[in-house]
Each structure stands twice: as C-alpha cells, then as structure tokens.
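Colleague: I have the model open next to me and would like to go through it with you. Could we begin with the strands and then turn to the charged side chains?

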Amino acid sequence: MVSFYVGRAAWLWVVIAVSCIGAASPASAFQLLSHRAVYDLSLLPGRGGDVSAVQGRMVMEWSDVCEGYTTNQRMVMRILRNDGKAIDSDFHLSSWEDKAGDNFRFDVRTSVGGGEPELFKGRASRQGDGGAVVFQQPADLKLPLPKRVVFPSEHIGHLIDGALAGQKRVAMPLFDGTGKDGLFEAVGFVLGPDKTKSPTDELLRNEKVPDTPSWRVRLSFFDFKANDALPSYEISLRLYANGVADKLILDYSDFAVVGTLSDFKVLKHGGC
C-alpha cells in the first residue's frame, strides 16, 4: 500500500499549498498574506506502520496578482520502508484562480519512484448549475462538476469565514486540480482556537506577521461519487485568519506525516 500513499501524498499537498493560503471571501475581516513558506517533512512518531522514516521538504509561494491568486510549489519526499526499500516522490504544482472563484487553471506533475511523470493540466470553470473541467493533459479528458462546487482558494475562504463566525463544520464539493479523481466532498471541522506556543511562532514574528486568530482544524476529503463512510485522507493543521498554516499532520491511516514550518517570508503585494 505504500506506493499508493506516496502518490496520494504528493496530491495531498495541493490542498495544503493551494487551500491554506487561498483568499478569504470579500466579507472576511482579515487580508491574507502573499508569502513563501518551507515545511520540513518527517514521520509522526507512533504511526509508522510499514514505514520506518519520512524525509522531505515542501516549498511553496502564494501571491496576490491583482486579478487572481497564483501558487507555485515543489515537494520532494522519500519514504523509507521497514524492509529497507525507499520510495521517492517529486511533485510540482502551479495554479491560478480568479478572485470571483469561477475560473481555475492548474498544472500538476507528479513522479513516483523515478517512473514516468503523471501530468494533469487544464482549466476548470463554474457556472450557476455546476461547471466543468477541460484537460489539456490528458488530452480530451472532461469532467463535469456539481452545483456549489468550489476551487481551493474559495474553499479555504469559506472555512476561515466559518471559523470567524463560530461554525464547527464547513462542508462543500471541492475540485483541487489533481485529475479526474480530484473532486471531493471536503468537510472542515473547526476544533477551537489554537493559542498554544510553537517553535514556528518566532519565524512568524520575525516577519512581522500580525497577531490574528488561529484555530486547530481537521480537513476530511471524501470521494464525491463513492459515498464512503471514511475519508480518502485527512489533514490537521493550525490555520490563521491571515491564511498562514503550520502544525501540519497528514493522516494516511497506515502512517502519518508531520509538516513543520522551517522558513517563512512575507512577499511583496502585486501592487494593484
């Protein structure tokens, strides 16, 4: 099962990198930051299963480019198994989403174990009765989208707004750009304010990140068509109202990966 999880591990970071720094809706009280963040990856103790260690790093940049939001990201990870074998994954993502949340462009490349890269590139659009995804790679692939579908930036905007309003559960259909299987019922659970101290606090203070509310959040992603009782995967994190995320835990059931914020820098606004 490890090879499956390596592929999903790469895709899972789409949700973190695109969503957790996406734009809150216009009603939000906080402006989100254009920034660059680096996360070091390691195995969560006590949850290894057939995995003995995880090594890796994820670097991502998010920018407000006036008419929309862009994300550029790379994640490299090595999973070491108990039998001594290692599985490497290399993941690239670039995306753009307009500020109305109606159009989403994505370019995703994932390579696992040195094999041929898996490519997903295309454009998704939303209309009143749903929407559609048209892929350039794989060529001629199309995917219908349901009513109320959102793309990653709008999704996290709703989550932040819900947390600010005191909601405990925020759910909606989400398309994240990871191919024909990239449509989920995304359920966010706001577990309460997170005011605990963390080594990453100093990184954020050094970049003069303003004090904002933060919450412990669990995101569960269910296959949209399968109606499964259990999620395909889950993410836990501390989410700030300005869009910054730390204390990441990626739960794959058999094992879990910790993402620790190791470098952080505020980027200049696009200058609209």
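Colleague: Which residue of β13 stands opposite Leu 239?

Modeller: Leu 239 has Ala 245 across from it in β13, and the two strands concerned, β12 and β13 (residues 245-251), run antiparallel and are joined by five bridges. Strands count as paired if DSSP finds at least two bridges between them, while the elements themselves are DSSP runs numbered from the N terminus, with helices being H or I of at least four residues and strands E of at least two. This is a predicted model, in which local features need pLDDT of at least 70 and side-chain atom pairs count only at pLDDT 80 or more, whereas totals for chains, interfaces and linings use all residues. Residues are numbered from 1 along each chain as its sequence is written, and side-chain values use heavy atoms, with hydrogens and water left out.

Colleague: And what sits in the turn of that hairpin?

Modeller: Four residues lie between β12 and β13, and Gly 243 in the turn has a positive phi of about 95°. On the β11 side, β12 pairs in the antiparallel sense over eight bridges, with Ile 235 as the bridge partner of Leu 219.

Colleague: Why call β12 largely enclosed?

Modeller: Because six of the eight residues of β12 (residues 233-240) are buried, the strand is largely enclosed by the rest of the structure. Buried here is under 20% relative accessible area, exposed is over 50%, and partly exposed is in between, using a 1.4 Å probe and protein chains only.

Colleague: What does Arg 216 have for a charged partner, then?

Modeller: Arg 216, which lies in β11 (residues 214-223), is buried but has no salt bridge, and its nearest side chain of opposite charge, Asp 194, is 4.2 Å away. Charge is assigned as positive for Lys and Arg and negative for Asp and Glu, with His and the chain ends not counted. A salt bridge needs a side-chain nitrogen of Lys or Arg within 4 Å of a carboxyl oxygen of Asp or Glu.

Colleague: How many salt bridges are there in the structure?

Modeller: The structure holds 13 salt bridges. One of them joins the side chains of Arg 36 and Asp 263 at 3.6 Å, N to O, and this pair links distant parts of the chain, with Arg 36 in β1 and Asp 263 in β14, 227 residues apart. Arg 36 and Asp 263 also belong to a network of salt bridges that includes Glu 61.

Colleague: Which acidic residues does Arg 126 pair with?

Modeller: Arg 126 forms a salt bridge with Asp 102, whose closest atoms give an N to O distance of 3.0 Å, and another with Glu 154 at 2.6 Å, N to O. Glu 154 lies in helix α2 (residues 152-164) and Arg 126 in strand β6, so that pair ties together parts 28 residues apart in sequence. Glu 154 and Arg 126 are both buried, whereas Asp 102 is partly exposed at a relative accessible area of 28%.

Colleague: Changing topic, is Glu 97 buried or exposed?

Modeller: Glu 97, in β4 (residues 86-98), is buried at 2% relative accessibility. A polar atom of the Glu 97 side chain lies 2.9 Å from the backbone nitrogen of Ser 153 and 3.3 Å from that of Glu 154; a polar contact is a pair of N or O atoms within 3.5 Å, where within protein one must be able to donate a hydrogen and the other to accept it, and residues adjacent in sequence count only if both atoms are side-chain atoms.
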